[in-house]
Structure formats: structure tokens, C-alpha cells
Amino acid sequence: LARARSGGAVPMAELHCHIEGAARPALVLELAERHGIDLGGIVRDGAYVWHDFTSFLAAYDRASLVFRDAADYCRLAEDHLTGLARAGAVYAEFFMSPDHAASAGVPGEAYLAGLAEGIRRAKTATGIEARMIAIGVRHLGADRVEAAARFAATHAVREPLLTGFGLAGDERIGTPRDFARAFDIARDAGLGLTAHAGEFDGAENVRETVEILRTSRIGHGVRAVEAPDVVRMLADKGIALEICPHSNLALGVCPDAASHPLRPLVEAGCRVTLNSDDPPFFATDLAAEYAFAASAGFGPGDRLGFTRNAIEAAFVDEATRQRLL
Ligand code: ADE
Ligand code: ZN
């Protein structure tokens, strides 16, 4: 990292980005046309159209339907990672969702193979290191989430770039206990664990997610600030927080930049990382998230610290982690 920084800009890393949510509208339009798929008005004037979390999730689901084979997913991952590398990222993890691929008629194996090929091509072209986290979608129910965990456990054996399991979707549905079996399956398979919590539900859900699902990271977690004891628990346990500032602003989790809890969480001793979540949906990218931190008063050394936190909390083998650090 120190060597990467000597070039000037702070090297970046991210842990929280949904691969279909990283699809540029232009790519989605191109593939929709090629495959004859009606986008239902989710892209207007080159931008995604949605107005709240529910309609965002619907637009995201719709955009994900244009990826129809391994080659489409390869292109998506390669595009995403080469863009990140050119912007100054040295490491990236992204979420992949076997349920979204199934909705598009693509078997999980082809989905995984396409994305893995995209990672390999991006690494060859730019040197960026990347890993995948399979996610279950909580609003599809515990059985589907468990199936996603079994997919991850089975396929991680043959695909070393698949290193984690996570939980996304509508946090207002279900409780951590509903997903305990899924996380047991993933943990037994040696996968890294993370879950969205404290985004649309409160601090108690963050506490239960850590205690019941035993994740080492939390997606978002910003609403932990509503309970000082939960923030203390996160800091004491060294749980990494995958903070996504522009996502929180776009989805109304935080009313404005001044009230975003990035600084209080850092000052409370939490292991904070910066992430783009679904970049074109929220008119952001990873560089914009680092710029957000800069405008919140975090200097280059602080921002390098966010990158270091991400690499330390990454679901990656120790040799690669040490090389990146
Ligand atoms: N899926 C894609 N983006 C998400 C988010 N911000 N929260 C929960 N599920 C998601
Ligand atoms: Zn997310």
C-alpha cells in the first residue's frame, strides 16, 4: 500500500458492491437490445429510474435480467474491475446472487464461471485482485437463502475466487435467526461471512446479526449509531463495517452528508471501510466514496487507513493479504 501511495493518490479497496448493481446503464441497454428484453422504463436519459428502496430493488432485479450467459457476466465483471483498477483500486470484492442469475435463466455454474473469467481478465489487464461473495436474498425467504449458502459451500471448493457468503435484500423482512442455518452451512465450508444490517432496520438487528450469524463484517451498519452499546460491541469485536455513504444518501437512510455517521463510527473505534454498493444506481463510484470521506475531513492518511481496514477484513488468503498490505 505504501508503495502504491507513493504515486500520489490514495490506493483504494472495497468489500461491498453488488455486481448486477454495478452494471452501467449503457451496458444494460445494449444487452437488453441484443437479447430482446423489455426494460420496463428503468433506464431514462442514461440513468436508472427509481424512487425508494422497494422500487430500487425492483429496478435492480429488472436490470439483472439482461445478463443471459457466461459471456455477459464475464463482461460485467471485467468492466467493473478494470474501471475500479483505473480509478486506483488494488482490491475489490463483489456480491454475486445465484437467485438473480436463475431469474435470468442462467445456471449458477455458468454465472460463477463467467464472473470468475471476468476477474481473471481484469487481473491480467490491470493487476487488480478480486474475490466473490455469494449472497442470499432475504426477502426470498430462509429456504432460498439456505440454497444460496449450499451453492456457495459446494462451488467454493472448485472456484477459489468464491470466498464469502452474505445476506442482502430487504432487511425489514425476517430476523437473523431465520438465516442461522444458512450461515452455519457457509461457516462450516470455511467461507467469510457478512450480512446487510443496520441499513433499513435499527441497531438491534446489527447486534443480533453479529451474535446469531457470527459475521466478521456488517454491510452498512450505520444505524448502529442509534445504540452506543452496539457501537462499542462492534469496536470491541473488531467487526468491519462496509460503509456506503452515497447509497445511504440516495436511499434516504441518512438525510444529508452532514448527518452521515461515518465520523462518529470511526471515532468510536470501529473498523470502517468505504464502498460503492450499487454505483450507477446511486450516481457514485468508489473514488466518489473516498472523496466523500475527504470532504468529511479525513486526510490521505485516514483514507489509506480505510483501504488498510478493507484488506485486513477481506475474504482472501493470507499470502495475498500480506502482499496487498
Ligand atoms: N441489494 C442491492 N443493493 C442493496 C442494498 N443497498 N441493501 C440491500 N440489498 C441490496
Ligand atoms: Zn449492499
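**Backbone, core and ligand shell of a predicted model**

Strand β8, which spans residues 217-220, is home to H220. In this predicted model, H220 deserves a second look: its phi is positive, at about 75 degrees, although the residue is not a glycine. Most residues other than glycine have a negative phi. H220 counts as buried because 25 C-beta neighbours lie inside 10 Å, where 20 or more are needed for that class.

A positive phi also turns up at D45, again a residue other than glycine, with a value near 50 degrees. The setting of D45 is the loop that links β2 (43-44) to β3 (47-48). D45 has 6 C-beta neighbours inside 10 Å and therefore counts as exposed, the limit for that class being 12 or fewer.

Before going further, a word on confidence is helpful. The chain has an average pLDDT of 97, and 98% of the residues score at least 70. For the model as a whole, the ipTM is 0.96 and the pTM is 0.97. Where pLDDT is low, the predicted coordinates should not be read in detail.

Turning to the interior, the largest nonpolar core comprises 108 residues. Within this core, the residues with the most contacts are A92, L115, A134, A152 and A186. Helix α4, covering residues 70-87, supplies the largest share of the core, namely eight residues. L115 gives a good view of how the packing is arranged: apart from its neighbours within four places in sequence, L115 is in contact with I19, Y73, A77, M96 and M132.

The surroundings of ligand 1 offer another place to explore. Ligand 1 is surrounded by H18, G21, Y60, A168, G169, H196, E199, S247, D277 and D278. Sorted by class, this shell holds five polar, three charged and two nonpolar residues.

One member of the shell, D277, can also be placed relative to A257. The two residues are 20 residues apart in sequence, and their C-alpha atoms are 17 Å apart in space. A257 itself sits in the loop between α11 (245-250) and α12 (262-267). With 14 other C-beta atoms within 10 Å, A257 is partly exposed. A257 thus completes a set of three burial classes, alongside the buried H220 and the exposed D45.

Notes
Residues numbered from 1 in each chain as written. Chains lettered and ligands numbered in written order. Predicted model: local features only at pLDDT ≥ 70, side-chain atom pairs only at ≥ 80, totals over all residues. Core = buried A, V, L, I, M, F, W, Y, C linked by C-beta atoms within 7 Å. Helix = DSSP H or I, 4+ residues; strand = E, 2+ residues; numbered from the N terminus. Contact = placed C-beta atoms within 7 Å. Near = placed C-beta within 6 Å. Nonpolar A, V, L, I, M, F, W, Y, C, P; charged D, E, K, R; others polar. pLDDT = per-residue confidence, 0-100.
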